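Colleague: I'm new to reading structures, and I'd like a close look at just one part of this one. Could you walk me through the side-chain contacts around one helix and the places they lead to?

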Amino acid sequence: MKRIMILFAAAALTSGAYAADPKAAEALAKNSGCLACHTEDKKLVGPSYKEIADRYRGDKTAEASLAKKVKAGGKGVWGDIPMSPNAHVKDEDIKTLVQWVLSIK
């Protein structure tokens, strides 16, 4: 029984634990600087997280492509204002943030 609990805990840690906890994911977004340009439900400098989730819902490649865009930055998908690169954010945190954003309804 103890081994099963350890396996479940390990699976939760590697599968984007913040995605299951919106408050923790929002804190990660704040600490990573994301909230300077994005909010959950209104356009700020960049699109809202809800707009992003709506646009990419059902896209099987969304998680990987958005993670790459968050890390490297980009321009053109949401208008002329570029998204700054976020090389300072750890890859696992970017994955967690992207999973959380894509889970927003």
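Modeller: Let's start with helix α4 and follow its contacts outward. One thing to keep in mind is that this is a predicted model.

Start with the charged side chains. Side chains of opposite charge can pair when their charged atoms come close. A search of the whole structure turns up 3 salt bridges. One of them joins Asp-54 to Lys-50, with 3.0 Å between the closest N and O atoms. Why do these two sit about one helical turn from each other? Because Asp-54 and Lys-50 are 4 residues apart in helix α4.

Asp-54 has another partner too: Arg-57 meets it in a salt bridge, at 2.6 Å from N to O. Put those together and you get a network of salt bridges linking Lys-50, Asp-54 and Arg-57. How open are these residues to the outside? Asp-54 has 39% relative accessibility, so it counts as partly exposed. Lys-50 is partly exposed as well, with a relative accessible area of 31%, and Arg-57, at 40%, also counts as partly exposed.

Now look at Arg-55, which lies over the face of Trp-78. The distance to the ring centre there is 3.8 Å.

Next, go to Tyr-49, which is in helix α4. Searching the whole structure gives 1 aromatic pair. Its rings belong to Tyr-49 and Trp-100, with centres 5.2 Å apart and planes at 65°, so the pair is edge-to-face. If you wonder where those two numbers come in, a pair of aromatic rings is described by the distance of the centres and the angle of the planes. This pair links distant parts of the chain, since Trp-100 is in helix α6 (residues 91-103), 51 residues away from Tyr-49. Are the two partners buried or exposed? Tyr-49 is buried, and Trp-100 is too.

That contact has carried us over to helix α6, so let's stay there for a moment. Thr-96 has its place in this helix. With 8% relative accessibility, Thr-96 counts as buried, because the cut-off for buried is under 20%. A polar atom of the Thr-96 side chain lies 3.0 Å from the backbone oxygen of Glu-92.

Leu-102 is in helix α6 too, but at 22% relative accessibility this residue counts as partly exposed. Leu-102 and Glu-63 are 39 residues apart along the chain, yet 7.8 Å separates their C-alpha atoms.

Helix α6 also brings us back to salt bridges. Asp-91 forms one with Lys-71, and the closest N and O atoms are 3.1 Å apart. Asp-91 lies in helix α6 and Lys-71 in helix α5 (residues 62-72), so this pair ties together parts that are 20 residues apart in sequence. Asp-91 is exposed, with a relative accessible area of 52%, whereas Lys-71, at 27%, counts as partly exposed.

Last, step back to the loop between α3 (22-32) and α4 (49-56), where you'll find Val-45. Val-45 counts as partly exposed, at 38% relative accessibility. Together with Leu-44 and Ile-81, Val-45 makes a nonpolar surface patch of about 270 Å².

To trace the route again on your screen, begin with the network of Lys-50, Asp-54 and Arg-57, then go from Tyr-49 across to Trp-100 in helix α6, and finish with Asp-91 and its salt bridge to Lys-71.

Technical notes: Residues numbered from 1 in each chain as written. Predicted model: local features only at pLDDT ≥ 70, side-chain atom pairs only at ≥ 80, totals over all residues. Heavy atoms only, no water. Patch = residues over 30% accessible without salt bridge, like charges linked within 9 Å, V, L, I, M, F, W, Y side chains within 5 Å. Areas by Shrake-Rupley, 256 points an atom, 1.4 Å probe, with all protein chains shown as cover. Salt bridge = Lys/Arg side-chain N within 4 Å of Asp/Glu carboxyl O. Buried < 20%, exposed > 50% of the residue type's maximum accessible area, 1.4 Å probe, protein only. Phe/Tyr/Trp six-rings, centres within 6.5 Å; stacked < 30°, edge-to-face > 60°. Lys NZ or Arg CZ within 6 Å of the ring centre and 35° of its normal. Polar contact = N/O pair within 3.5 Å; in protein donor to acceptor, adjacent residues only side chain to side chain.
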